Amino acid sequence: METKKSLVKFRSLLRLNEKLDKAYLKGIAYGQSILITIVSNITTHEYCLFLLENSFFGVSIYKLLPIDENFQFEIQKKSTNNDIIWIFKRNNKELNITIPMNQQNYKTFLSKFESIIEEKKNDEYYPDFSFNWLNNYKSYETNLEEKFSYIIETEENPFIHPLSYEISLNYRLSRECWIARQLAIEQKKFIEFKKLNVFIGTWNVNGRNPDCSLKMWLNSYKNKTPDIYVIGLQEMDLSKEAYIITNNEKETMWCEKIEEGINTMNKKYIKIASQQMIGICIFAFVKKELRKAISNVSTSFIGCGLMGIMGNKGASGIRMMIYDSYVCFVNSHLAHDSSQVQRRNDDYKDICKNLLFPFLPPNEDINNYYNGTGFNREQFYTETMLRFNITSNKWLNNICQEDLKEKENIKLNFNIFDNDILFWFGDLNYRLNNNGDQIKELISQGKIKDLLEYDQLKYDYKLINEKNKNQVFTDFYENKITFKPTYKYDIGTNIFDTSEKKRAPAFCDRVLWYKSPNILKLSEISSINFSSEEDEWVIPKNYDSYEDLTISDHKPIISEFEINVRKINNEKYLDTYSQLIKQLDRHENNSIPVISVSSFILDFGTITNNISSTRSLVIKNDGKVLSTYDLITSIDANNSNPSFPWISVKPSSNTIYPGESQTINITLTITTEISLKKIDEIIILRVENGNDMFINVKSEIIPNIFGIPIEVLCQINKPLSYYPWDSLLELSNKKELSDHTKKLMENEEFSSIPKSLYIVIDFLMKYGRDEKYSFNNGNLIIKIYIMYCLKNNIDLDTNLLLFGRSSFSDSNLSSLNNITSIESINTISSNISKIEKLSLFDYQPSESKNNITESVYKNYSLKEIKNKISLIVKKNGKLPSINSMAEILMKFLYEFPIAIVPYEIFKKTGQKFQTLYSSLPPSHASTLNYIICYIGDTMSYELISKDELVKVFASAIIRPSIDYTEKQEHNIINSVTASKKEKVENFFRQYIDEVIPPKK
């Protein structure tokens, strides 16, 4: 899947107070594509690296690396390319990820990452609860190392992606890929080798016509009679017209002369191909009887001369399949002049990168190409064996896995290294780093070995590497040089340059061959036993120059080789192939997804409004293939609009490996805006390539003091449990009241502001005058007690909250048995942090790490509640109670479904307080006025400044109205901007001045 789409899908897993940083990096771990991302928790100010496994289906969480006191990180640069290795260390474990440095956002990500590490160095960590928010994701983690090992040891299934056990996207392509891969693995059963003799000649002809016989040069071989001739010419055409007009006249002339030189009465050669690029031309001839063994011939060329496009320097090449092996020949002419080493190195790199040989399917529709109608199986399988031999890897490369799956129409190209055998020859133009006189002196003494010490193309009998600095011609080999330099001679003689320039002699003309360090030996893919000398694809035989041709300032080169090429034994091949086809039937049966679910009924019991309640179920993959699922909460055909917006499923879709399980969290969030009396819904579990399953979600709803509209709170004066949820819905949605609700409301008195809100503010006005308090630093236990009292219409024990001495008996308060765990406590208070993201005010919940101890993990009786509050107050004074009450006030303000001043009304009438006041519903207007009076009272004691109070209250009072469904959350988030926040605060400050005149 495309990276950006994958990240969008991953972002949907995060909670509202968790933020995914925009910057990310791509890397490789255990052969898999990895995305390195940074997720921060806004509430706790903690950062974590999420390492995501990127696949065709999207992303899954591979590993979580919290950036804490145990986190270590270092960078190790690789010497061979532009990649680097990032090493992560944590708790004595190490993880290495290869990172390409050429990514556009590399520096940005690294800078951000290092700044976070520096910032967190001095933070204090608490092992018992730091990074608790990561517990939500740990069940999603996968172990790539274990998974990778498991797959290698398992019989391969063609319907499963080999590195990730994904079901393949293209059924027919999967079959062919699997067969090709298995044939590559088992090729020893049907492969034989043919030994062929190859003659390679290269000559810079200095623009001359072939006015002399080439017979002696082309027949000066010392080994066996060549089966193949490959001749490379440079500077074949130096005319100015050659740069702008294609003219094959010179190519034809030289071709005829070569044919004349190699053909005799006893041996006949046929031209296979030629390729000219201005003055660079390559010819390939094979014995007539060998012609049927040659197939899939393609040619190519690349210019790297003037402006990078002119053909005065560059390469031309021929690629062919000989029997069942691919052999490639590259004839090049690199930059001249002894000082231009770097330009020659750059030419080499350009040719390696850009000299491509096309491979065009018979049908441009790639799906048709690989479905058997236009499928050249033999060619495809041979390509696969080639890659298997070169990479020593059991997995098929991009040609039949990733590229073909992502694009319907694709043209494939092969570079020069996509071959069993590669020869590179021509006028490479590397010189000798010494003056001409000393070079000639060494030549006259026959000290060729000493002379090669000065060769710019560093010579070591086997390995060629230009001073080991620029990595040119790495893993190329050259036969031992025993002949004199081939450049530069006076034309018509064998005398080195005597002209005014007196250019120094040099070994410009060379013949090299490539040997991958990972290539398999012949004995590894054949049942034949080879001696150590013969166990090679290329065996050099003769390497010399030919001095009798004098029409050019260069001497031609002679190079002879024996090469081994594969030949498939058709009878054995078909037997192996038929056995593989039989295996496919078993694999196909094993590729059907088998999913089990821990429960098909998810009963939430009773839940309260405005408190998210979560239950989990476990989906297990009992089959033998990776299974992909989607949990659908929509009856819309496109699944675009959720039919049950009060139900949140995370992760709503994912892929599960065989034998592994996935924990699904289903969350219910009910508000008075949702007119539900109870929940009884069906979620569809859709399994790709499998059967649908159905999960029943059930719940009964009981009311909660928070999240109820202001108008409703103004109408009720009894404990909340007195009012059925049905009645609260009728009151909230202003529907016609049922008889039962009318009877309940008969004796109720309508108050101008909510009673519970009045109790909270009255407490703050009476007892918050002595010292400065905070609106987000309450004590968890005290807040739970206050909320319980408000919900059940129980008088607050002020002596207990202020002095730590209770004035009520235990019978006034029952056990808070619903507070059973730290998770449930966090759930009860979680909506403050949830609303934080929806508001204009940067609100943070108060639960500090020091407040959360093991004691909150057990049930609380009334006596324990009182004792705990008493200890807190006696130790710290009344401030924790004042802070807790202030935070409850903010919880009220943020959780009114319709804000005290809805932002929509503020936009229309917010210029003057009186205009705004008259536009509000009566209960909203009275509540606003009362809160501003409280603010004025608080300001009068000069403990909290006006600016601080404006910062706290402006965005809590004037904000968009909220709903808890995810869709609406995102709309609200997008509507909240810094400019709106500033505007709201400025006008709220003005309202305070209008209602409460400043002191004179």
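Buried means under 20% relative accessible area, exposed means over 50%, and partly exposed is what lies in between (1.4 Å probe, protein chains only). By that rule Glu536, with a relative accessible area of 17%, is buried.

A word on the model before the exercises. This one is predicted, so to speak of local features takes pLDDT of at least 70 and side-chain atom pairs count only at pLDDT 80 or more, while totals for chains, interfaces and linings use all residues. Residues are numbered from 1 along each chain as its sequence is written, and side-chain values use heavy atoms, with hydrogens and water left out.

**Exercise 1. Salt bridges across loops**

Work out which parts of the chain the salt bridge between Glu547 and Lys484 ties together.

Solution.
- Start with the criterion: a salt bridge is a side-chain nitrogen of Lys or Arg within 4 Å of a carboxyl oxygen of Asp or Glu. Run over the whole structure, the search turns up 22 salt bridges.
- Now the pair itself: the Glu547 and Lys484 side chains meet at 3.7 Å, N to O.
- Next, place both residues. Glu547 sits in the loop between β22 (538-545) and β23 (557-568), and Lys484 in the loop between β20 (476-477) and β21 (509-514), so the bridge ties together parts 63 residues apart in sequence. Helices (H or I, at least four residues) and strands (E, at least two) are DSSP runs, numbered from the N terminus.
- Last, check exposure. Glu547 is partly exposed at 26% relative accessible area, and Lys484 is partly exposed too, at 29%.

**Exercise 2. A bridge within one loop**

Find where Lys515 and Glu536 lie, and how their burial compares with the cut-offs.

Solution.
- The two side chains form a salt bridge at 3.2 Å, N to O.
- Lys515 and Glu536 both fall in the loop between β21 and β22, 21 residues apart, and the pair is a link between distant parts of the chain.
- Lys515 has 26% relative accessibility and counts as partly exposed, whereas Glu536 is buried at 17%.

**Exercise 3. A bridge along a helix**

Explain the spacing of Glu895 and Lys891 in α22.

Solution.
- Take the distance: the closest N and O atoms of this salt bridge are 2.8 Å apart.
- Then the sequence: Glu895 and Lys891 are 4 residues apart in helix α22 (residues 879-895), which means a separation of about one helical turn.
- Both Glu895 and Lys891 are buried.
- Elsewhere, salt bridges with shared partners join Asp455, Glu478 and Arg510 into one network.

**Exercise 4. Packing of α22 on α26**

Describe how α22 and α26 are oriented and which residues meet.

Solution.
- Two packed helices are described by the angle between their axes and the distance between the axes.
- Axes are lines fitted to C-alpha atoms, for helices over the stretch in contact, and angles run from 0 to 180 degrees between N-to-C directions. The axes of α22 and helix α26 (residues 946-957) come within 8 Å and cross at roughly 30°.
- To name the orientation, use the classes: under 35 degrees is roughly parallel, over 145 roughly antiparallel, 65 to 115 roughly perpendicular, and the rest oblique. α22 and α26 are therefore roughly parallel to each other.
- Contact means heavy atoms within 4.5 Å. On the α22 side Leu889, Met890, Leu893 and Tyr894 take part, meeting Val952, Phe953, Ser955, Ala956 and Ile957 of α26.

**Exercise 5. An open sheet**

Identify the edge strands of the sheet β24-β26-β30-β28.

Solution.
- Two strands pair if DSSP finds at least two bridges between them. The sheet is open, has 4 strands in that order, and pairs antiparallel.
- β24 (595-597) and β28 (647-650) stand at the edges with a single partner strand each, so one side of each has no neighbour in the sheet.
- The twist from one strand to the next averages 25°.
- Zooming in, 3 bridges join β24 to β26 (residues 613-621), and the two run antiparallel. Val597 stands opposite Ile619 in β26.

**Exercise 6. Three strand residues**

Sort Asn41, Asp509 and Phe694 into buried or partly exposed.

Solution.
- Asn41, in strand β2 (residues 32-41), is buried at 3% relative accessibility.
- Asp509, in strand β21, is buried at 0%. Its C-alpha atom is 7.8 Å from that of Pro556, 47 residues apart along the chain.
- Phe694, in strand β32 (residues 693-702), is partly exposed at 48%. Leaving aside neighbours within four places in sequence, Phe694 contacts Phe600, Ile682, Ile683 and Ile684.
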